[in-house]
Amino acid sequence: MERIKHFVTENPDLVFAILLAFSVFTFFAITEPLFFTHRTGFAIMERFAVLGLVGLALTLCIIAGEIDLSIGSNAALAAVITVRFTDDWGAVNALLLALAVSTTIGAIQGYFIAYLRIRAIVLTVGTLMLLRGVALFAADEKTVMLTDFRIPDFISTKMLVYFSPASLLVIAMFIIVGLFMTYTRYGREIYAIGGARKEALASGISLHRPMIIVFAISGFCAGLGGIIIGLRSGTAQALGLQYLLLAGTVAAFIGGVSILGGKGGVIGAAIGTLTVNFLNTGLVFNVTPSFMVQLYLGILLLVVIMFQTGSRVFDERQRRSQLLNDVDRRRSILADKIAELRRPSG
Amino acid sequence: MTDATAMSGDDLNFIQRIRRDYSPLVIAMVGLFLVVFLAGATLTDDFLTWFNVKTIIRDAALVGIMAIGLTFVTLSGNFFLLSMKEIAALSIICFATLMGADWNQWGPAEGDPTTSALMMTFLVAFTATMIIATITGAIQGALIGLGGNPIVVTLGAAGLFFGIGSWWSDNLVVSYRRPHGAEWLGTGSFIGDIPNITVAFIIIAVVAELTLRYTTFGRQVYLVGANRAAGRATGHENFGMAIKCCIIASVCAAFVAVAFSGQVSSAHVNYFSSEFGSSGDMTIMVIAIVMVGGNSIMGGYGSTLRTSLGAIFISSIDNMMVLNGFNSGARVLAVGLMIVFSIIVFALVRRGSRAVE
């Protein structure tokens, strides 16, 4: 019990995320008879495979105090490359090429952000457009399609009731990135440049290395997400996948990252993604059109961000009034002392 | 003595001054770009004709007006709104729905309605659209002013507005009959053969530039953008400023929506999303124009004149590529390269002169 209390006070955001995920799940489990079944569990994990990667990528970027807007374009480019070249070169080669391209793009972005000392949103808005152009170019402005459907069948084979090769791969990715962020020096550097950049730079951390690592991982995750979508559906569009940014941001913010950076973690990203997936999947049962899902996600993001901002403003005000109180108290004590000292002499 | 005059730079000619102020890399990049642009302009047939120049400015008008609105937000240090196209989508649905609404027909039931009846319909729809746009702008501005991150707030607001627009129109195309009161704005021309939308673009650009330069409000925008702490110390909080700037951006987006709806006599939430212009996405295009114009994204530096020129520049590059027979992929690629290029050049120019944050 004591340990639980300690956990709650240490990680209020994570506990909030778990509670939110649990209540969303319970709500749909009660209202929809089909929701709490093995088949729906499998469907949720299949969605988790893609959205989880995007949520993970955005979580890392926001931990580093930046945001990667080009994530949808990067995913679309990877999807187009994989689907286009699978027939000629085989799926593995095409997949590796796409991963290499998207990771390199991410690393280059990170390098330029660190070298030019600009905010990531500035550069990634540009690359959003640029990568879209590259994807259109790679796809010849058509919707590219697979002819051989053995690979799509393979990556969505059911294993262990809930999982498929794709979702197992993504879970492995989560574990690796989580260990990397918690236990290696490079991971801690990412937290450092996000939470207190000036202090981190002053204490000798170079901005280049963590930025390149963060954006390379972000590019890798976006690419992998795009590949999974492309191979699973067998088609890819150069202008598609833009909805990933909103869903991924919602997942990251529910998972407890702070827009100021330096807070949050991989577990939060997983729980945030699961919450969004529960919501998505549950709304599908109600035959909700996709724009209504977007509306709910928008409201959810606004609520979460206002909650966070409100608590920050409240904290600051509290701290300031406490400081003023403190100053007042000391001043009155001082005044009393001075009066006491003056009395005998006067 | 000679050293002192050389240091002050009064006797340097133009080229020497440029070589003193900018690094060789920046000069080489800009020079290369200028050479490519001028070569393209002279070698492309029919590029430098009066008719084509008119086409370029007309193409630049719609995105340009939106970008001018967004420039206010950027100058006041609130980055940019990622919800520009969704505001426009909600506005266009509102406008078209009211233009076709039964209660909003002021003419006789039989026969062609008179001009004044058409204008009455238009005015009612226009006013309602502007009110909606003001509300959307004020909501976002208030959330940003309270301390929410502009990118995340507007990303959420974008989903919300798009959802409301789709829900209102049932995700269908809303159309209304010609003749209607918005034709003069969409396709008409009062002054010779210059389209009214071009005239509107020029008027809005001039008014915005004059507002920023010569009014108290304009100077306050620059102050809040350049130095938030100084602004707060002198009584100019970002709260009111963010609301005002977001309302300006929203109203500009709604105006563009009305003009576009006047051209096609219909509305759909996706008009500004994928099938519009060369870019495929109005929001990104608008942000691109603000950046290519060289406005500082951190705020406080730039002008709407730069934005207007950026709009015309991007439009002319696009036009040049169309005349040379490029497909949309190559054009999007070129616009993307131009944005990244201008970001890098402006960052290199300003490096050292501005703080990191």
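# Reading a predicted two-chain model

Helix α4 of chain B, residues 50-75, bends by about 45° at Ala61(B).

User: Happy to start there, but how far should I trust what I see?

Analyst: Good habit! This is a predicted model, with an ipTM of 0.85 and a pTM of 0.87. Chain B has an average pLDDT of 85, and 92% of its residues score at least 70.

User: Over which residues of chain B does pLDDT stay under 50?

Analyst: The general idea comes first: where pLDDT is low, predicted coordinates should not be read in detail. Here that applies to residues 1-7 of chain B, where pLDDT stays under 50 and the model has two contacts beyond four places in sequence.

User: Back to the bent helix, then. Is α4(B) mostly covered or mostly uncovered?

Analyst: To read this, count the residues of the helix that are buried. In α4(B), 19 of the 26 residues are buried, so the helix is mostly covered. After α4(B) comes Gly77(B), with a positive phi near 80°.

User: Which residue has a positive phi although it is not a glycine, in the loop between α4 and α5 of chain B?

Analyst: That is Phe79(B), with a phi of about 50°. Its loop runs between α4 and α5 (84-100) of chain B. Phe79(B) counts as buried because it has 22 C-beta neighbours inside 10 Å, and the cut-off is 20 or more.

User: And where in chain A is Arg117(A)?

Analyst: Arg117(A) sits in the loop between α5 and α6 of chain A. This residue is not a glycine either, yet its phi is positive, about 55°. Arg117(A) has 16 other C-beta atoms within 10 Å, so it is partly exposed.

User: How do I read the packing of the two helices on either side of that loop?

Analyst: Look at the angle, the distance between axes and the residues that meet. Helix α5(A), residues 91-116, packs against α6(A) at an angle of about 145°, and their axes are 10 Å apart. The crossing is right-handed. From α5(A) come Ile105(A), Gln109(A), Phe112(A) and Ile113(A); they meet Ala120(A), Leu123(A), Thr124(A), Thr127(A) and Leu131(A) of α6(A). By class, six of these residues are nonpolar, three are polar and none is charged.

User: Why might contact residues in a helix come three or four places apart?

Analyst: An α-helix has 3.6 residues a turn, so residues with that spacing point the same way.

User: How many residues of each chain are in contact with the other?

Analyst: For an interface, begin with the counts: 39 residues of chain A contact 45 residues of chain B. On the chain A side, the elements giving two or more residues are α6 (120-138), α12 (244-254) and α14 (290-345). That side has 27 nonpolar, seven polar and five charged residues.

User: Can you put chain A in a wider frame?

Analyst: Gladly. Chain A has 14 helices and two strands, and its C-alpha trace spans about 100 × 50 × 35 Å along the principal axes. Of its 346 residues, 49% are buried. Among its contacts between residues at least 6 apart in sequence, 80% join residues at least 24 apart.

User: One last residue: which residues does Gln220(B) contact, leaving aside neighbours within four places in sequence?

Analyst: They are His236(B) and Met241(B). Gln220(B) itself is in helix α10 of chain B, residues 216-226. With 18 other C-beta atoms within 10 Å, Gln220(B) is partly exposed. Comparing sequence with space helps too: Gln220(B) and Ser76(B) are 144 residues apart in sequence, with their C-alpha atoms 8.4 Å apart.

Note on methods
Residues are numbered from 1 along each chain as its sequence is written. Chains are lettered from A and ligands numbered from 1 in the order in which they are written. This is a predicted model: local features need pLDDT of at least 70, side-chain atom pairs count only at pLDDT 80 or more; totals for chains, interfaces and linings use all residues. pLDDT is the predictor's confidence in each residue, from 0 to 100. Two residues are in contact if their C-beta atoms, placed from the backbone, lie within 7 Å. Helices (H or I, at least four residues) and strands (E, at least two) are DSSP runs, numbered from the N terminus. Ala, Val, Leu, Ile, Met, Phe, Trp, Tyr, Cys and Pro count as nonpolar, Asp, Glu, Lys and Arg as charged, and the others, Gly among them, as polar. The bend at a residue is the angle between axes fitted to the seven residues ending there and the seven starting there. A residue is buried if 20 or more other C-beta atoms lie within 10 Å of its own, exposed if 12 or fewer, and partly exposed in between; C-beta atoms are placed from the backbone. Axes are lines fitted to C-alpha atoms, for helices over the stretch in contact, and angles run from 0 to 180 degrees between N-to-C directions. A crossing is left-handed if the near helix is turned anticlockwise from the far one by less than a right angle, and right-handed if clockwise.
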